[in-house]
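Dear colleague,

Here is the structure I promised to hand over, with the sequence alongside. My notes on what turned up in it follow below.

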Amino acid sequence: MDVRAGPRLEPAAEDEKPKPRTSQADKWAANLAAARQFYEREGHLRVPRKHIERIVGEDQEERELRLGAWIGNQGSRAATLSPERAEQLSAIGMRWT
């Protein structure tokens, strides 16, 4: 059996290709930007757990981030956050208790 006789494969078109994966550092930066935006608007970081924050990314695309869950998770991970990340959150009003 000749496997070369099968259907010809064509490269995927640009709109068929998967989006590039977002790195953990990029996800952190996007959530931090959302936290800053929320803080500037509301004056605090007491974000309801189910709150969704809409931000416009560097690529000018609008994103919806689950900011309430993210803030809650950072609070529970306080002991394992890097000092830089903890300081970034403290600078915008994060309460650690």
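I begin with Q74, which belongs to helix 2, and I should say at once that the model is predicted, so that everything below is computed from predicted coordinates. Q74 has a relative accessibility of 3% and therefore counts as buried, the cut-off being under 20%. If neighbours within four places in sequence are left aside, the residues in contact with Q74 are W28, L81, L89, M94 and W96.

Helix 2 as a whole covers residues 67-76, and its buried residues are L67, G68, A69, W70, I71 and Q74. What do the buried residues of helix 2 pack against? Their partners are helix 1 (24-42) and helix 3 (83-91), together with strand 1 (53-56) and strand 2 (62-65). As general background, an α-helix has 3.6 residues a turn, so residues three or four places apart point the same way.

Just after this helix comes R77, placed in the loop between helix 2 and helix 3. R77 has a relative accessible area of 41% and is partly exposed. The C-alpha atoms of R77 and W96 are 9.8 Å apart in space, while the two residues are 19 apart in sequence.

The nonpolar core

The largest nonpolar core has 17 residues, and those that touch the most other members are A35, L45, L67, W70, I71 and L89. Helix 1 and helix 2 each supply at least two residues of this core, and helix 1 gives the most, with six residues. For A35, once neighbours within four places in sequence are set aside, the contacts are L45, L67, W70, I71 and I92; among these, L67, W70 and I71 are also buried residues of helix 2.

L67 appears again in the surroundings of H51, a residue placed in the loop between helix 1 and strand 1. H51 and L67 are 16 residues apart along the chain, and their C-alpha atoms are separated by 6.0 Å. Not counting residues up to four places away in sequence, H51 touches F38, R41, L65, R66, L67 and G68.

Salt bridges

How many salt bridges does the count come to? The count comes to three. As a general point, side chains of opposite charge can pair when their charged atoms come close.

R41, which is also among the residues touched by H51, takes part in a network of salt bridges that links R41, E42 and E53. Between E42 and R41 the closest N and O atoms are 3.0 Å apart, and between E53 and R41 the corresponding separation is 2.7 Å. The pair of E53 and R41 links distant parts of the chain, since E53 lies in strand 1 and R41 in helix 1, twelve residues apart. As for exposure, E53 is buried, with a relative accessible area of 2%, whereas R41 is partly exposed at 44% and E42 is partly exposed at 41%.

The salt bridge between the side chains of E64 and R54 has an N to O distance of 2.9 Å. This pair, too, links distant parts of the chain, with E64 in strand 2 and R54 in strand 1, ten residues apart. R54 is partly exposed, with a relative accessible area of 47%.

The largest pocket

Finally, the largest pocket has a volume of about 650 Å³. Its lining is made up of 21 residues, and those that lie nearest its centre are T22, D26, A30, D59 and R63. Which element supplies the largest share of the lining? That share comes from helix 1, with seven residues, and helix 1, strand 1 and strand 2 each supply at least two residues of the lining. Sorted by class, the lining of this pocket has nine charged, seven nonpolar and five polar residues.

Helix 1 thus recurs through these notes: it gives six residues to the largest nonpolar core, it supplies seven residues of the pocket lining, and it is one of the elements against which the buried residues of helix 2 pack.

With best wishes

Terms used: Residues are numbered from 1 along each chain as its sequence is written. This is a predicted model: local features need pLDDT of at least 70, side-chain atom pairs count only at pLDDT 80 or more; totals for chains, interfaces and linings use all residues. Side-chain values use heavy atoms; hydrogens and water are left out. Buried means under 20% relative accessible area, exposed over 50%, partly exposed in between (1.4 Å probe, protein chains only). Helices (H or I, at least four residues) and strands (E, at least two) are DSSP runs, numbered from the N terminus. Contact means heavy atoms within 4.5 Å. On a 1 Å grid over the protein atoms alone, a cavity is a set of points where a 1.4 Å probe fits but cannot get out, and a pocket is an open set with protein on both sides within 12 Å along at least five of seven lines; lining residues have an atom within 4 Å of a point. Grid points are joined across faces, edges and corners, and a volume is the space filled by probe spheres set on the points. Ala, Val, Leu, Ile, Met, Phe, Trp, Tyr, Cys and Pro count as nonpolar, Asp, Glu, Lys and Arg as charged, and the others, Gly among them, as polar. A nonpolar core is a set of buried Ala, Val, Leu, Ile, Met, Phe, Trp, Tyr and Cys residues joined through side-chain atoms within 4.5 Å. A salt bridge is a side-chain nitrogen of Lys or Arg within 4 Å of a carboxyl oxygen of Asp or Glu.
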